[in-house]
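Open your viewer, keep the sequence panel beside it, and follow along stop by stop. Each stop tells you what to select next and what you will find there.

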Amino acid sequence: MRARVADKPRRAPTRAWLYILLLFMSLFYLLPMYVMLVTGFKSFDEVSLKTMWNLPSGLAFDNFVAAYEQLAPHLWNSLRLVIPTAAISAMLGSINGFVLTRWRFPGADIVFPLLLFGMFIPYQSILIPLVQFMRTTGLYGSIPGLALTHIIYGIPITTLTFRSYYITVPKEMVEAARIDGAGLLETYYHIFLPVSAPAFVVVLIWQFTAAWNDFLFAVVLTNPENWPITVALNNLAGSQIIAWNVQMAASLVAAIPTLIIYIFLGRYFLRGLMSGALKG
Amino acid sequence: MARKKLDKDTILAMILVAPSILAVLIFVYGFIAWSVRVSFSNWVGLLPNYEFIGLGNYIGLLQDPRFHIDIRNTVVFTVLFVGGCLFLGVGLAILLDQGLRGESFFRSLFLFPMAISFIVTGVVWRWLMNPAMGSRMSGLNLLFDAVGLDFLVNKWHTTPQWGIAAIAIPAIWQMSGYTMALYLGGLRAIPESLREAARVDGASEIYIYRRIILPLLWPVTLSAMIILGHISLKVFDLIIAVAGKQVSLDVPAVYMWTTTFDGQFYGRGASIGILLLLSVAVLVIPYLYQSLREESTS
């Protein structure tokens, strides 16, 4: 890759222009982050819409403290939601992906398109029955109900991600295991599971991010005391009482978990985005 | 003996996947069917009422001025959002393909908004796009004013008629990096020998991009258009976070939500949901069909 790049004839002035363009574009992507950070670290006396672009004179945490006080219970709700969702989704996806890779069953040709399309449906088209279902089962308003929702509607993407990964496991290995008398579960446990770590990371990150960032299901299915962070943040932003600087700090607080994941595991995050095309 | 073992594994395999497949069949396809039934009903109020009224809800929607606003807003938003993402995406990808130093840093920088929720994006951009004028000016308007770009000062999402265009800006901010990543993947798949050959023939770099690279990237453009297009049909959280529920910025997803859960017009809400589903299906199914066929032939 490097070698081919070096081959490219490019004069110094052109390079300089390319860098200027690149830096200019970076400004666009950094602008919102800049405002969030700068506002977040100002003290209450320093905050004013007039000076929102100025750097803070020192580091103060007033805004973050105020934001955390508003959001703490909802951060916990989000964690209670996201951890089981990601874990159960990954386990289900792994088993489904394995079985669908290993086993050609009657009707498989129908199951794949159905799973694939299930990834793209607008959830407005299932929302009313879903609410009725949650009301009837008594799960309405609760975190377990919301987690169940994310797990079920995550089945297509998690299954297909694992399947596309498992399909690369050499057939000879599976065949050898079969000759050794390994059954379905032994094959999974001894051959597929040990090489699954990257796929697990992709799916865990994907479901963690999807459930953490979701708003539609959360706003329709949870009661105020069970609101996850997105619904609480939106509510806080819509209220006239909470100052804009606290809203900025709150946005940063809400964004931090997925940002940290992105910073440290970005490569896998990208692979997750690419693997299942994308659900919106 | 071998036969018996196979049977045992087959049964086990069925038991393992049956719950998931059943869940998808019920919660996706069963619920869609249930929604269709609701959309043909006269259900208003908290208690379900499946009295059949045929296409009444759909006809009502087509005659509803609010739904006309929704369609117009969706079209304007889609054109700007998809167009903006494709333009920035291909531009950034080509820029990053020039072998500049710090390439991976910039790539991560353009991509990080993907990790953030539309709600966070919306809340921050709501303050960047603050429409207040005069002494209460702030956000981007204040910045434009300070650096002498005051002709750019505008009322953002509160602009009459075209407010929805402002919503496309944060959406582009969030999704253009992803589009870039798609294009970058496409660029990396083009063999260098092709460019070399063109260079040997004396083609300029610009000519190579216009006549060779961009046409080869067409499949990427097509899948990006479909992925972004279906996101834009579903746009919901971003609008709520930037502007709340305003009729001038209404889209089908927001209308569905307010009419169903605030207004209790379940029949009408279901019909909006089904229309959304149909429009996504028209967009996505040919694409899925194509990629499934490619997978089975490869």
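In which helix does A147(A) lie? Select A147(A) and you will find that it belongs to helix α6 (residues 143-166) of chain A. Helices here are DSSP runs of H or I with at least four residues, strands are runs of E with at least two, and both are numbered from the N terminus.

Before going further, a word on what you are looking at: this is a predicted model, in which local features need pLDDT of at least 70 and side-chain atom pairs count only at pLDDT 80 or more, while totals for chains, interfaces and linings use all residues. Residues are numbered from 1 along each chain as its sequence is written, and chains are lettered from A and ligands numbered from 1 in the order in which they are written.

**Stop 1: around A147(A)**

Stay on A147(A). Is this residue buried or exposed? A147(A) has 21 C-beta neighbours inside 10 Å, so it counts as buried. (Buried means that 20 or more other C-beta atoms lie within 10 Å of the residue's own, exposed means 12 or fewer, and partly exposed is in between; C-beta atoms are placed from the backbone.) Now add L81(A), P84(A) and T85(A) to the selection: A147(A) is in contact with these three, leaving aside its neighbours within four places in sequence. Two residues are in contact if their C-beta atoms, placed from the backbone, lie within 7 Å. Then pick F217(A), which is 70 residues from A147(A) in sequence and 9.8 Å from it in space, C-alpha to C-alpha.

**Stop 2: the whole of chain A**

Zoom out and show chain A as a cartoon. You should see twelve helices and zero strands. The radius of gyration of chain A is 24 Å, well over the 19 Å that the globule rule gives for 280 residues, so the chain is more spread out than a compact globule. (The radius is taken over C-alpha atoms, and the rule is 2.2 Å times the number of residues to the power 0.38.) Along its principal axes, the C-alpha trace of chain A spans about 75 × 65 × 30 Å. Of the 280 residues, 47% count as buried. Among contacts in chain A between residues at least 6 apart in sequence, 77% join residues at least 24 apart.

**Stop 3: where the chains meet**

Bring chain B into view. How many residues does each chain give to the contact? Chain A provides 79 residues and chain B provides 78. On the side of chain A that touches chain B, helix α12 (residues 244-275) of chain A gives the most, with 14 residues. By class, that side of chain A has 58 nonpolar, 18 polar and three charged residues. Ala, Val, Leu, Ile, Met, Phe, Trp, Tyr, Cys and Pro count as nonpolar, Asp, Glu, Lys and Arg as charged, and the others, Gly among them, as polar.

**Stop 4: chain B and its α6**

Hide chain A. Chain B comes to 13 helices and zero strands, and 43% of its 298 residues count as buried. Its C-alpha atoms fill a box of roughly 80 × 70 × 30 Å, taken along the principal axes.

Select helix α6 (residues 139-146) of chain B, whose buried residues are G139(B), L140(B), N141(B) and L142(B). What covers these buried residues includes α5 (118-128) of chain B. Just after α6(B), G148(B) takes a positive phi of about 80°.

**Stop 5: two more backbone turns to inspect**

Walk on to W156(B), in the loop between α6 and α7 (163-188) of chain B. W156(B) has a positive phi of about 50° although it is not a glycine. With 23 C-beta neighbours inside 10 Å, W156(B) counts as buried.

Next, select Q264(B), in the loop between α12 (252-262) and α13 (266-297) of chain B. Q264(B) is not a glycine either, yet it has a positive phi of about 65°. Its 15 C-beta neighbours inside 10 Å make Q264(B) count as partly exposed.
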